[in-house]
Amino acid sequence: MLAILALLFILSGAAGLFYESVWSRYLGLFVGHTAYAQVIVLVIFLGGMAIGAWIVGRITERIREPLFGYALIEAAVGLIGLFFHDLYLGVTGWAYASVFPATAGSVTLTLAKWGLAALLILPQSILLGATFPLMSAGALRRIRQAPGRTIAVLYFANSFGAAVGVLVAGFYFVGEVGLPGTILAAVIINFLVAIGAMVVMKFGTAGGAGTPAMTPTPSAPVAVSVQRLLLWVSFATAVASFIYEIAWIRMLSMVLSSATHSFELMLSAFILGIAAGSYWIRTRADRLADPLRALGVVQWLMGFFALATLPLYFASFGWTSAFLQTFARSDAGYVGFNLARYSICLVVMLPATFCAGITLPLITRTLLQGGVGEKAIGQVYSVNTLGSIFGVSIAALVLMPLVGLKALITTGALLDMGVGVAILLLLRRSGGPARRLALAAVGGWAVVAAIAGLSPAFDRHLLLSGVYRFGIVPPRGAHDILYYKDGRTATVSAEKINATGEFFIATNGKSDGALSSYWFDKCDPAAPRHPLRADAATMALGALITLAHRPDAITGAVIGQGTGMSSHLLLGSPHLKDLYTIEIEPEMIRASRTFYPANRRDFDDPRSHYVVDDAKSYFAAAGRKYDLIFSEPSQPWVSGVSGLFTLEFYDRVTQYLQPAGVFAQWIHIYDIDDRLVMTVLSALHQKFKHYEVFMPAGTDMLVVATNAARVPPPDWGIFQFPDIAQDFCHQIPFTPEAMEATRLGNETTFGPLVQRFPAPNSDFFPHLDNGAERTRYLGRQAQGIYGLNNERFDFTAPFSQRRTLPASFTLAPAPDIPRMYALALGASLRDTRTIAPSDTIEDDDRHASAVFRKRSWEAELRGSLPPTNWRIWLQRMYDAEKDQYGGTSGYADEGFYAGLYQYLDRHKAPAEVRAAVQFRHGIASWNFAEAAKAAEPLVAAALDRRSWISPDELRDGAAIARLLTRDVSGARTVFESLAPYSRRPDGDFRTALLASYIEAFQRR
């Protein structure tokens, strides 16, 4: 009988964590992800459970059949869950449309927001809180022997189900069926459990309806004062446990990362430890000679273990480094790595949480046998839950930012040990061993407190190593820590890399922006100019590309502070009157002062306003519209950030823009794949009428979108605004010609693909949040999107008539942007004055190699002998042409090709070689009739496994040529026949985009 009930309760625990994990996501979307929002969501959930347990605890002895009540509760939870998604949409839609606009800027808005949040999950939470007392009472009436064992088994079952449920929900269901589907899975489990409970009630052993409540004759009567003490112990141990949980989550986030899946591993390990403790005590609870003494010892050990495992935590940085070097960057390796990360969580948490799992069964059993009866179950459960509420609130909102990590976990440990000491001191009157044990506990508490107080602070260099990113712990002295603070949502630091002089700001060890030291130097016209690279390029060009599309903007907003450089540069506009920088963590703003005076306008300019809030919440409450919004949050694999890349967020953003306003979304294309980027592009495409896509840095893209018919053309004259020109005094000059090289595509060129993409990133189907940590581990890059800016033939350009002629600038101001560098390289190769020794041009390794290839190529064309291998000659021809004319579109140097044809004639080249040259000339010059004709023998040779040029070069060019000569069926034939020979990975953006073009032409 107990085994069946335990199985039902395992399922119930899993369903409960399905709900908790999904509800936290739903309410996070509505109320935000600030520390206060996260805590209040948890308070609503735990508060509801406490209310439910308290109510049932007061009436359980009067309930004729608790198991029947339990079945009804499970069914009711499932019934509400069945309609939760629709209810959420209705309530939040009404709030955004009516409540928020009417209460914008007032305290009433905050009260309304939290009232609605409580309305959404409080009823179900109350019902969930009633399940444990009802199940326990039903089980105890059927199994009257060994009540301690019964209670412990049920605690174990519910906790074990929860530990498994959080992993199954997070790692499987959310990814496969989204948030609504995960709730539906929980609903199905609820109904199955309800049916199972009814079956047990009907066909189970005696002890069903009409069986009196368990009110045993007290075998060891418990005084009222001891009863109260035990309830206080239940409260205090929950406070300490949640202090641990908050501290461990922050500590482990610096080892495992701040991704959602990492948090799910931590939560599961925490609950599994509790389950293990409950399982261990099941066979011992009824045989303990002195349960109170055992409880006191366990409480003391719990606090001791919380501190004793700290050396293991510090060692886990090295373990993580070893794991990252051991496991392959593959799907199987990712599974192994997650198991390894889970083991780290268990090593750190299990000793203390194992003890926590022992305490509640012991307390409940002691009260049951001491004469309190069934109501003890609800009392202990509800008081413990109230302690959880107090613990999470004081830990996250008060102690963490006030005293930091070390003092936080020490506080929890000393509280637990102190509770143990109090219990043992109560028992000391019995004398003998009890007295000696109590004195030993007091002495041990004092020793541990002294050691904790005198021991050095946590090694900040280790904590900030970001080992989960790069698999290494930087050697001591590599970084100088300029700022460090444990904030409410993250541990924030500002550091200097001593080897390079670079400054960077980080959250939980992950860099959120960096600047080279020259940004802090005074302008010197005689000093050498620097190229703009890496994070500085993203921050500067992302902000200025946005501003260029609304140079007359009056009101703007920036999502994310980082170094503060983006806001600083936008404030370089003389037209801007107000700029609101929205940052969720206040310590980021304080840490960014490290970059002063480079970001001085953030702090000195009266037009600059800081808002500490979640962006979604702020926009909904602010009640104003903006001429421009630049969204530059952290990477979307960080928990909570992906909500700023969703369909629903973009829908809201359109309401916060002026009619001609622009919204700019930064998207990184490193540590991510093409499919995930397409989920974001698809969401943007669905919500904005038009957009342009740029590449402000070699690893990032920027989408500038608008509600208007078209995105306004950029005014690159903003670089001449006096303040911006002053900021860029150290940089190689940015000309309009150079800035046009950052273009990647637009609604016209990307639309055929993204409009048919079936899975846009959504609040309720969070593909980005669910998949970005995996692609980060695998080291993926959005190769297809990057390739559009890097390959010789940009096959999107003809569709937008974006013809790019050879450039006049010979130094790329942002050389990591492939097209910009290619244009500058070509200009320098064509200008003999710039072909100088390789140590005179910055970043000249690539330039020197290109000079060598050009000279070698020209020498070969002048030679009297034919090449020994025409295929290699064609590859060298490709390299030489790309070196000199890379980055151009719709342009071919007729003199260059005339020299090639002369060479081919002189050496009687094979027909396919001449066709390859003609094909490349046609593609380069947009003479698609020429390219289509020349492609025919090349395609035939490729299908005969005699490829003369790259299959992907041939497929792209031949398919586009046929499309633009109205041979759609021929384009499809080429595309499909050459597909087996493609060297691109599955899901490559270029391949998918080309397929969408063919489908679009077929539909015409």
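Me: Hi! In strand 3, which residue is the bridge partner of valine 492?
Reply: That would be threonine 507. Strands here are DSSP runs (E, at least two residues), and helices are too (H or I, at least four residues), numbered from the N terminus. Keep in mind that this is a predicted model: local features need pLDDT of at least 70, side-chain atom pairs count only at pLDDT 80 or more, and totals for chains, interfaces and linings use all residues. Residues are numbered from 1 along each chain as its sequence is written, and side-chain values use heavy atoms, with hydrogens and water left out.

Me: Thanks! How many bridges join strand 2 to strand 3?
Reply: There are 6, between residues 491-497 and residues 502-507, and the two strands run antiparallel. Two strands count as paired if DSSP finds at least two bridges between them.

Me: And what order do the strands of the sheet have?
Reply: The order is 1-2-3-4, in an open sheet of 4 strands with antiparallel pairing. Strand 1 (479-486) and strand 4 (510-515) are the edge strands, each pairing on one side only. Neighbouring strands are turned by 20° against each other on average, direction ignored. For angles, axes are lines fitted to C-alpha atoms (for helices over the stretch in contact), and values run from 0 to 180 degrees between N-to-C directions.

Me: Which helix lies across strand 1 and strand 2?
Reply: Helix 12, residues 375-427, running at about 130° to strand 1. Contact means heavy atoms within 4.5 Å.

Me: Switching to cysteines: how many disulfides does a search of the whole structure find?
Reply: Just 1, where a disulfide is a pair of cysteine sulfur atoms within 2.5 Å. Cysteine 523 and cysteine 729 form it, with their sulfur atoms 2.0 Å apart. The link is left-handed, with -85° about the S-S bond.

Me: Where do those two cysteines sit along the chain?
Reply: They link distant parts, 206 residues apart. Cysteine 523 is in the loop between strand 4 and helix 16 (534-549), and cysteine 729 is in the loop between helix 23 (722-727) and helix 24 (736-740).

Me: Is cysteine 729 buried or exposed?
Reply: Cysteine 729 counts as buried, at 16% relative accessibility, while cysteine 523 is partly exposed at 33%. Buried means under 20% relative accessible area, exposed over 50%, and partly exposed in between (1.4 Å probe, protein chains only).

Me: What about cysteine 345, which cysteine sulfur is nearest?
Reply: That of cysteine 355, 18 Å away, and cysteine 345 is in no disulfide. Cysteine 345 is buried at 0% relative accessibility. Cysteine 355 is in no disulfide either, and is buried with a relative accessible area of 5%.
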